[in-house]
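User: I'd like a close look at a single part of this structure, please. Take me through one chain, its unusual backbone spots and its contacts, in one connected account.

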Amino acid sequence: MRGTRSLVVLKLALLTLSSAEANRPRGVSPEFAKYYKDPTTFTCISNPSVHLPASLVNDDYCDCPDGSDEPGTSACSYLSPLSPITPPDIPNNDNINTTIALPGFYCKNKGHLPAYVPFTNVNDGVCDYDTCCDGSDEWAGVGGTKCEDKCKEIGKEWRKNDEARQKALGNAGKRRKDLVAEAGRLRKEVEDRIQSLTTQIEGSEIKVRNLEDELRDVERREKGKIVRGSGQRKTSRINILAGLARQRIDELRDTLIRVRQERNSSKDRVKELEAILSTFKEEYNPNFNDEGVKRAVRSWEEYAARDKPSDGDAAHDRDLDAITQPDKENGLDWDEWEDSEESLDVDVLYKFEEYLPVPLRTWLDQKLRDLRIWAIENGMLADRPSDSGESRAVSDARNRLESAQKELKDNTDSINTHREDLAKDYGPDDVFRALKGQCVSTDSGEYTYEICFLDKTTQKPKKGGGDTGMGNFVRLETIFVDEDLPPDGKGLGSGQRIAMRHENGQHCWNGPNRSTTVVLACAEKEEIWRIVEEEKCVYRMEVGTPAVCEIGGGRREKGRDEL
Amino acid sequence: MQRLSISWTAFLLLCLTLCSLLTPAVSVKHENFKTCAQSGFCKRNRAYADTAAAQASTWTSPYALQASSIKFSQGLLTGVVTKKAGDETIRLPLTVSFYESGVARVTIDEEKRQKKDIELRHGSKARKERYNEAEKWAIVGGTTLSSGAATKNGEKKGETRVVYGPAGSFEAVIRHEPFGVEFLREGVVEVVFNGKGLMNVEHWRAKVDKPVVEKKEGETEEEQKARESAVVQEGEDEGTWWEESFGGNTDSKPRGPESIALDISFPGYSHVYGLAEHAGPLSLRETRGESNSEDKTKYSEPYRMYNSDVFEYEMDSPMTLYGSIPFLQAKKKDSTVGVFWLNAAETWVDITKTKSFVKQAVDKVLQNPVSLGVTGSMTTDTHWISESGLLDVFVMLGPTPQDVVEKYSELTGYTQLPQMFSIAYHQCRWNYVTDEDVRDVDRKFDKFTIPYDVIWLDIEYTEGKKYFTWDPMTFPDPLGMQKQLDEHERKLVAIIDPHIKNEGNYPIVEELKSKDLAVHNKDDNIYEGWCWPGSSYWIDCFNPKARDWWVGLFKYDRFKGSAKNTWLWNDMNEPSVFNGPETTMPKDNLHAGGWEHRDVHNLNGLTLINATYDALLSRDKEEASVGGVRPFVLTRSFFAGSQRMGAMWTGDNQASWPHLEASVPMILSMGISGFPFAGADVGGFFGNPSKELLTRWYQAGAFYPFFRGHAHIDTRRREPYLAGEPYTGIITQALRLRYSLLPSWYTAFHEAHTTGAPIVRPNYYVHPPDEKGFGMDDQFYVGSTGLLVKPVVKEGQEGQDIYLADKEKYFDYFDFWTYEGPGTVSVAAPLETIPVLMQGGNVFVRRERPRRSSGLMRWDPYTLVVVIGNSGDAEGTLYVDDGEGFDYQQGAYIHRKFSFKSSTGTLMSEDLAAEGSATSKKAKDYLRSMEKVRVEKIVIVNAPEAWKGKMEVEVGTEYLASKSGLTRKVGMEWHGREEGKAAWAVVRDPAVAIGKGWKIDFTA
């Protein structure tokens, strides 16, 4: 489709050429021909107050303040905000428009597409065939320069390439359709999954509610149970336990003291090493660019920049000092414990009970149980010591609840993830959904570079050594590019392009964390064309993919704009 | 008092702490480099000077010229100077040469060493003589002995007088005892040798262990001790005679102490310049200040010259840098004199200045120093100290700075006439990482229409730092890359350093070893050290065989991947050795011929670029069709004479304002030292410049003779097109300004090539009688164009005060605002403006069409700018040739003088080419090729009011005139004065050929 259109444009251009050719001065395009019709007087295009004899047009001297009298020479090429301008450089310098009026030297390029050559390149001794295939930019033949007309072959080559490009574009368009379809399918998959998860969650929620009730009941039942009649024999066992505990604590204290000494000496060593490394970092000579040294310094800097374990050492050490005191000084008298008799808070209750008749005792028992639970629940009475363990019934009920809760949470997380995913920007038509996680790589210099779409970019050294993360995907952006398109069409061209931002890659020596902008342009398949380090550790990848065809990834064909 | 001093100490400590916080790790590693006190011979000679000063009136120099030994004939005086050393008398052969050029030379050797009548320690294989080959490397001309020089009749007893120089106006008075020389011009003493008696030649002696002072009979222990210490006091400080350690390296010193020293005084001279290369003011500071004194105008260390890779060098310091030119000129009102100390060993120079009074007034002053009101003048004393070699000094008696520089250049060679591309803009970075990267940068410059001529490759292009190879991963197609560059006549400069990687399967190192072409260590085995590639050997370019081999390596079929547009960069040639003492080679290393490294150290860099220059010359000469192409080599290390082979840059500077500021005096210093093809890394090598700094640096760089942007590998990219607006636009303007003025720059280079004149010239050089400008080093003139430039070198500065030394009109380059000298004027300098003034009375030439490279400007027409000053006249020159080959030596060039005379109202173009120079075929072909290149525009700044209303001028050409006297009329536009701006006129397309004679009549 594109192919035919460009052919039509070409034919039109050729027609216009043949009709207007005869009387235009050198370097004038059909668009500007009207200004050069008067055979006696020329009026500067942007400064109609300035009139010149027509003989001064193209006489290789700049007369018009806008340069329009020299469409076919380089005489006015200095008229530019980029040039150092002095008063006489601007002819007739009285309230005038000095913006250059013409887009460049017009090459007819018969047999190919016409184009403008910058005036700075006219008659400089170089045949600018890439824009001016007919060689007319070197009409003066300075220093014996001869530029033969190469439009026939260049045009032929261009048309061949253009055909291939159009074909590729066609294929790319098809592939994009496939990708969009695939993206749609993937989206549908997600939506279906959300649907089924919603149902599952509803079920889980009911289940959780039921199990919560069950647990509450079981707990209530169990809290009323009382362990009875174990008080009397406790004395001797506690004594034994106290003896054992005392031994154990002594042992632990000794170990603690030893470990603390070891820690202190390690700390000193680390301090010493850190001092050595700081000096090393200060004193090494980065000019010598020894990779080994640089790596070491880099790692050191990263290490030094990391959050250190909070230096609550003073408080911590005070604690340790206290802990390692003999127990007596901590108010712990083992002897007292080894001899003491124990009494339980509930004993009095049980004793009183024994004197009552059985039915009353049962009734009272129930009431007391309720009272006890009430007391416990209101914080008046301590709950049963936990070391005796929860009853089996409670823990079973709790486990059931927990697993149901977990299932609910998993499902909720899952559904949120999927919902976020649905809301995420996958580009026009959701197309990048189809590329997610796909990786392509290419060799460039001593590295292999890889992009995994919507995930990350990586640099892998060919000579061995670890991979370097060049950034993780954060978002899609639109950026403006302006590049020449190579003949094979594998390039960004000019215009708005979709780009993928990757940030927070591996930290860079003397620089930021690595980041990559992946600029996308239309191509038949996913491929990396070029990697440039635009600034220290700021990379740009030029990547082709059918995903962006015809949606801001389309490219300008050479010469088209000039028409 | 006490309290005060404590608070001061605290304050200072605070300051120090703050300073160290602000500039961490960006200061020179002082501990890596010696102070005078750490350099044995320097310490000994300074101590000698201190002793002499302490004994002032009673001090006598122990050197005497034996009257009976004096012979004089044909401008050459010979004799023997003796030195009394205890019971010994040391014989020191003396020659004093008087050259046709008016230069005198004093050379002192040592007989015993000359005759090899000494013993070396440690079984050393070193040569026994004092190094006598510096001349071979440094001196290329100007040594024809004067037949007119003659001893003077009626001389006083105890002295010999020789009259010499132009019209016999110079005189050397050689005093016999103590030995000394006074040089007079027109009867006035201008230069004095050994006037303070600091001359010292450390003669050879065998090492003897300290004599044990035996106890004499009847002597007490105290008496014995006293005698012992007397022995020590009498003797010299021998601690560093036989061995010297620094930074973990020990110098074995097989020849023992052998330093030479001399005091040279300049009576009445207030300023001295030279001793490049140092990062400090152009006018050299005194060096005998206290080390912790408040007085920052004096250093406490002597100026040191010992070529070194000084990492992150500091500003305003006498510390040594990468290269050395032991040439010094002294300036007083209406007179300039120079001395050139030809010695390649480590050298230190102390400078002191004292107020003195005119000689005849001395007695009166002593009677009543106050009442007489005699104005004192400054006398400058210098004390030169070298570790080894001959005492060999040249004296130039001026009287103008141009005379001194020209005589010096005649001796050591004029600066190379460089190829046109090499004075255009160079884009460098450590590193462009792939050939595709290079191509991309090349395309980007075109895309942004920024001109550039050369792109550079630092060490990373090689395969594993093996020179003469290309990394196959990153530079798979060097020739394709260079072809792309060549399409727009652009060049590639690749780095090749003197260290050769010590690695198997590397043919270069294998040849280096098998042919024994590397530097040897003290045991005479191959010397191994550490540099970029790791373990390395160093080519010994003192060895003729090594030079031949090196020349062969650059042939296109050996250095595969190099092309006709590949040129060279020799870095690290001090030599830099990462693990060596002071980052260089041990002094007891051995070079070809058995010379110790200590003898030749400062020449090392020169020998390498000499070999590379020869290699590039022979590479292209093989093709008969080309008469050879002028090589381009950039060097970091240099010595007197290196200017013949290429360009230098000031080494590894920093992206900071002080470094930008320092670049100007450093480059000016190179200019007056005979090596004007100099520049500093634009943008600063280490660190990232702010955009403002980068922009200001490009504006300054556009006026460096060598103009290259460069950056360290750890910096962010900073090619001009990356800066963004408005910076990229302003930088492009600066670059285009450089390109438009290339015809004037090239003319200035030609002038340097033929007269030794600096390319950028300090005030004292242009205005020799103007004492106010003697210390000025932040503004300069470009060649003889009358363009006066003072780059902005301070952050946020929007204006510039410019000093005008002469009573003349100056005009702003960009808007013709008029200033009147003498005095200081203020020029507005917002970021987009470079302070450039045009001095009245000059004509300069430019080419206004912006092109992609200088090569593509070859056929462009010229614009002449005539700047009319107070006299109403103006004059200037233009030199043009093919900009690349040697055909100019056969007359293939255009050299014109343009002069505007108010009396006749005419502007003339006259031929400056030597009569009959254009007879060769090459000359004729060249002139024919230039026939169509014309003058398209003539701008007259400060055009006479009388021209008001004038629309036409009359053009007469040589050709037309000779035929029939025909003339033609061309248009002229006149524009009157406005506010403070000068009137100007433009002659519209006179269309006269640049290479032809013509006349434009403004009165017709």
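Analyst: **Chain B up close**

B:Glu277 sits in the loop that runs between β15 (271–274) and β16 (303–305) of chain B. Please keep in mind that this is a predicted model. The peptide bond that joins B:Ala276 to B:Glu277 is cis, with omega at about 15 degrees. Further along, B:Gly398 and B:Pro399 are also joined by a cis peptide bond, and omega is about 15 degrees there. B:Pro399 belongs to the loop between β21 (391–396) and α7 (401–412) of chain B. These spots are worth a look because most peptide bonds are trans, and most residues other than glycine have a negative phi. The partner chain has its own backbone point to note: A:Asp430 is not a glycine, yet its phi is positive, about 65 degrees. You will find A:Asp430 in the loop between α9 (392–423) and β5 (439–444) of chain A.

Now to the sheet. Chain B has an open sheet of nine strands, ordered β31-β30-β29-β28-β24-β23-β22-β33-β32, with parallel pairing. Its edges are β31 (678–679) and β32 (681–682) of chain B, each of which pairs on one side only. At the β31 edge, strand β30 (residues 647–649) of chain B pairs with β31(B) in the parallel sense, over two bridges. One bridge to pick out is that of B:Met648, whose partner in β31(B) is B:Ala678.

Two stretches of chain B carry domain labels from UniProt. An unreviewed entry annotates residues 756–843 of chain B as "domain: Glycosyl hydrolase family 31 C-terminal". That span is 5% helix and 38% strand, and its end C-alpha atoms lie 21 Å apart. In an unreviewed entry, the UniProt annotation "domain: DUF5110" covers residues 863–920 of chain B. Residues 863–920 of chain B are 0% helix and 48% strand, with 29 Å between the end C-alpha atoms.

Next comes the meeting with chain A. Here 60 residues of chain B touch 55 residues of chain A. Together the two chains bury about 4700 Å², and 50% of that is on carbon and sulfur atoms. On the chain B side, B:Met473, B:Asp714 and B:Arg988 lose the most area to chain A, together 14% of what that side buries.

Charged pairs are part of this interface: the rule finds 10 salt bridges across it. One of them links the side chains of B:Asp440 and A:Arg530, at 3.4 Å from N to O. Across the interface there are also 18 residue pairs in polar contact, both residues being at pLDDT 80 or more. The elements that give two or more residues to this side of chain B are α8 (435–447), α16 (727–740), β47 (934–941), β49 (967–975) and β50 (984–993). Sorted by class, the side of chain B that touches chain A has 22 nonpolar, 10 polar and 28 charged residues.

Finally, back to B:Arg988. Over all chains, the structure holds 110 salt bridges. In one of them, the side chains of A:Asp63 and B:Arg988 meet at 2.5 Å, N to O. A:Asp63 is in the loop between β2 (51–53) and β3 (105–107) of chain A while B:Arg988 is in strand β50 of chain B, so this pair joins two chains.

Terms used:
Residues numbered from 1 in each chain as written. Chains lettered and ligands numbered in written order. Predicted model: local features only at pLDDT ≥ 70, side-chain atom pairs only at ≥ 80, totals over all residues. Heavy atoms only, no water. Pairing = 2+ DSSP bridges. Helix = DSSP H or I, 4+ residues; strand = E, 2+ residues; numbered from the N terminus. Contact = heavy atoms within 4.5 Å. Buried area = accessible area lost by both parts, 1.4 Å probe. Salt bridge = Lys/Arg side-chain N within 4 Å of Asp/Glu carboxyl O. Polar contact = N/O pair within 3.5 Å; in protein donor to acceptor, adjacent residues only side chain to side chain. Nonpolar A, V, L, I, M, F, W, Y, C, P; charged D, E, K, R; others polar. UniProt positions renumbered as here; feature names shortened; annotations may be inferred.
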